[in-house]
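Dear colleague,

Please find below the sequence and the structure for your review. My notes on the structure follow underneath.

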Amino acid sequence: MKWKIKYLCAVSAIFGVVFGSVTQLSYANRCAGIKVTNSFLNVRTGPGTNYEKIGTMHSGEHYVATGKVSGPWKEVWFDGGKARWVYSQGNRI
């Protein structure tokens, strides 16, 4: 699992730098996995509870972060490679 996280982070970083959405330095600090330590996390279409809930992550599951953050919210790859948002405080990142 760890090699998949590293691979996806590297690929995401390359796309981010090529398309100008992030710098390499900020990506190195933000591109990490998230392990769900709560019983569950709601997955949303945007960074806030005002966005639609489209799924749930369960305790013990691991996901790869895209590198985008908005306050305590972190964007992760979810459900077949779609970028979605979760509230990351209280979960191991």
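Which residues make up the largest nonpolar core of the chain? This core has nine residues in all: Ile34, Val36, Leu41, Val43, Met57, Tyr63, Val76, Phe78 and Val86. At least two of the core residues come from strand S2 (40-44), and at least two come from S5. Please bear in mind that the model is a predicted one.

Overall architecture and confidence

The chain contains two helices and six strands. Read from the N terminus, the order of the elements is α-α-β-β-β-β-β-β. Of the 93 residues in the chain, 33% are buried. The exposed surface of the chain amounts to about 5,700 Å², and carbon and sulfur atoms supply 55% of that surface. Among the contacts with a separation of 6 or more, 45% are between residues 24 or more positions apart.

The average pLDDT of the chain is 74, and 61% of the residues score at least 70. Confidence is highest in S3, at a mean of 94, and lowest in helix H2 (residues 24-30), at 42. Over residues 13-29 the pLDDT stays under 50, and for these residues the model has eleven contacts beyond four places in sequence.

Aromatic pairs

There are two aromatic pairs in the model. In one of them, the ring centres of tyrosine 63 and phenylalanine 78 lie 5.8 Å apart; the pair is tilted because the planes stand at 45 degrees, and tilted pairs are those between the cut-offs of 30 and 60 degrees. Tyrosine 63 belongs to strand S4 (residues 62-70) and phenylalanine 78 to strand S5 (residues 73-78), so that the pair links distant parts of the chain, 15 residues apart. Both tyrosine 63 and phenylalanine 78 are buried, and both appear in the nonpolar core listed above.

Tryptophan 73 and tyrosine 87 form an edge-to-face pair, with 5.4 Å from centre to centre and 75 degrees between the planes. This pair also links distant parts of the chain, with tryptophan 73 in strand S5 and tyrosine 87 in strand S6 (residues 82-87), 14 residues apart. Are the two partners buried or partly exposed? Tryptophan 73 counts as buried because its relative accessibility is 11%, under the cut-off of 20%. Tyrosine 87 has a relative accessibility of 34% and therefore counts as partly exposed.

The hairpin of S5 and S6

Strands S5 and S6 pair in the antiparallel sense, over six bridges. Within this pairing, glutamate 75 has tryptophan 85 of S6 as its bridge partner. Three residues lie between the two strands of the hairpin. Where is aspartate 79 placed? Aspartate 79 sits in the loop between S5 and S6, and has a positive phi of about 50 degrees although it is not a glycine. With a relative accessible area of 53%, aspartate 79 is exposed.

Two further loop residues

Proline 72 is found in the loop between S4 and S5. Its relative accessible area is 26%, so proline 72 is partly exposed. Leaving aside residues up to four places away in sequence, proline 72 touches Val86, Tyr87, Ser88 and Gln89. The C-alpha atoms of proline 72 and valine 86 are 8.6 Å apart in space, while the two residues are 14 residues apart in sequence. Valine 86 is also one of the residues of the nonpolar core, and tyrosine 87 is the ring partner of tryptophan 73.

Glycine 60 occupies the loop between strand S3 (53-58) and S4. Glycine 60 is partly exposed, at a relative accessible area of 37%. Which residues does glycine 60 touch, not counting residues up to four places away in sequence? The residues in question are Lys35 and Val36, and Val36 is a member of the nonpolar core. From glycine 60 to serine 39 the C-alpha separation is 8.5 Å, although the two are 21 residues apart along the chain.

With kind regards

Methods. Residues are numbered from 1 along each chain as its sequence is written. This is a predicted model: local features need pLDDT of at least 70, side-chain atom pairs count only at pLDDT 80 or more; totals for chains, interfaces and linings use all residues. Side-chain values use heavy atoms; hydrogens and water are left out. Rings of Phe, Tyr and Trp (its six-membered ring) pair if their centres lie within 6.5 Å; planes under 30 degrees apart count as stacked, over 60 as edge-to-face and the rest as tilted. Helices (H or I, at least four residues) and strands (E, at least two) are DSSP runs, numbered from the N terminus. Buried means under 20% relative accessible area, exposed over 50%, partly exposed in between (1.4 Å probe, protein chains only). Two strands pair if DSSP finds at least two bridges between them. Contact means heavy atoms within 4.5 Å. Accessible areas come from the Shrake-Rupley method with a 1.4 Å probe; for residues, only the protein chains shown count as cover. A nonpolar core is a set of buried Ala, Val, Leu, Ile, Met, Phe, Trp, Tyr and Cys residues joined through side-chain atoms within 4.5 Å. pLDDT is the predictor's confidence in each residue, from 0 to 100.
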